[in-house]
Amino acid sequence: MDHLDALIEMLARDVVPALDESAKALIGSARDSGDDWMVVDDILQFSLRQGVRIAPELLDAADDIVGRAWDPGLKDRTHTWITRHREKTPSVAA
């Protein structure tokens with residue numbers, strides 16, 4: 001399993017269950033069509049809009065993957081969702 005697949009599985013396990021049915025349907029549609037980049041982008045977008053917190057570790061993983069290889073048409077948008085999540089969930093200083 002590559003890093004993107006692992007990220008999608010973690011988001012599907014930890015975030016998607018808290019989303020409403022319409023968001024789940026749109027994410028499922030992207031997943032069924034094999035558009036993994038849109039799956040991640042949708043999960044980040046809908047979770048932010050619905051107030052679902054994403055663990056900092058998952059945001060770090062998403063940020064790393066988006067920074068390395070991502071659909072050029074979605075890269076800035078996906079980074080925006082990650083940044084907005086971080087603003088809502090500041091990391092705790094050690």
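Contact is taken here to mean heavy atoms within 4.5 Å. The model described is a predicted one, and the account begins with helix H3.

Helix H3 comprises residues 36-49. Its end C-alpha atoms lie 20 Å apart, which agrees with the 20 Å that 14 residues should span at 1.5 Å a residue. H3 is mostly covered, with 10 of its 14 residues buried. The buried residues are Val39, Val40, Asp41, Asp42, Ile43, Leu44, Gln45, Phe46, Ser47 and Leu48. The cover over these buried residues of H3 includes H1, H2, H4 and H5. After H3 comes Gly51, which has a positive phi, near 75°.

One of the helices covering H3 is H1, which runs over residues 3-14. The two helices pack at an angle of about 35°, and their axes are 10 Å apart. The crossing of H1 past H3 is left-handed. On the H1 side the contact is formed by Leu4, Asp5, Leu7, Ile8 and Leu11, and on the H3 side by Asp36, Trp37, Val39, Val40 and Ile43. Of the residues in the contact of H1 with H3, eight are nonpolar, none is polar and two are charged. An α-helix has 3.6 residues a turn, so residues three or four places apart point the same way. Val40 of H3 has contacts with Leu4, Leu7, Ile8 and Leu11, and also with Trp70, when neighbours within four places in sequence are left aside.

H1 also packs against H4. The axes of H1 and H4 come within 10 Å and cross at roughly 145°, and H1 again passes its partner, here H4, in a left-handed crossing. His3, Leu4, Leu7, Met10, Leu11 and Asp14 of H1 make this contact with Leu58, Ala61, Ala62, Ile65 and Arg68 of H4. The contact of H1 with H4 consists of eight nonpolar residues, one polar residue and two charged residues. Leu4, Leu7 and Leu11 of H1 take part in the contact with H3 and are also listed in the contact with H4.

In soluble globular proteins, nonpolar side chains tend to be buried together. The largest nonpolar core of the model holds 27 residues, and Leu11 and Val40 are those with the most contacts inside it. At least two residues of this core come from each of H1, helix H2 (21-32), H3, helix H4 (56-68) and helix H5 (75-88). The greatest contribution to this core is that of H3, with six residues.

Three residues of helix H5 were examined individually. Thr78 is located in helix H5 and counts as buried because its relative accessibility is 0%, where buried means under 20%. Apart from residues up to four places away in sequence, Thr78 touches Asp41, Leu44, Val66 and Trp70. Asp41 and Leu44 are among the buried residues of H3.

His85, also in helix H5, counts as buried because its relative accessibility is 2%. With neighbours within four places in sequence set aside, His85 is in contact with Leu44, Ser47, Leu48, Val52, Ile54 and Leu59. Leu44, Ser47 and Leu48 are among the buried residues of H3. Leu44 is thus listed as a contact of Thr78 and as a contact of His85.

Glu87 is likewise found in helix H5, but this residue counts as exposed because its relative accessibility is 58%, with exposed meaning over 50%. Glu87 is separated from Lys24 by 63 residues in sequence and by 24 Å in space, C-alpha to C-alpha.

Definitions and conventions: Residues numbered from 1 in each chain as written. Predicted model: local features only at pLDDT ≥ 70, side-chain atom pairs only at ≥ 80, totals over all residues. Heavy atoms only, no water. Axes fitted to C-alpha atoms, helices over the stretch in contact; angles between N-to-C directions. Helix = DSSP H or I, 4+ residues; strand = E, 2+ residues; numbered from the N terminus. Left-handed = near helix turned anticlockwise from the far one by under 90°. Nonpolar A, V, L, I, M, F, W, Y, C, P; charged D, E, K, R; others polar. Core = buried A, V, L, I, M, F, W, Y, C linked by side-chain atoms within 4.5 Å. Buried < 20%, exposed > 50% of the residue type's maximum accessible area, 1.4 Å probe, protein only. Expected span 1.5 Å × (residues − 1).
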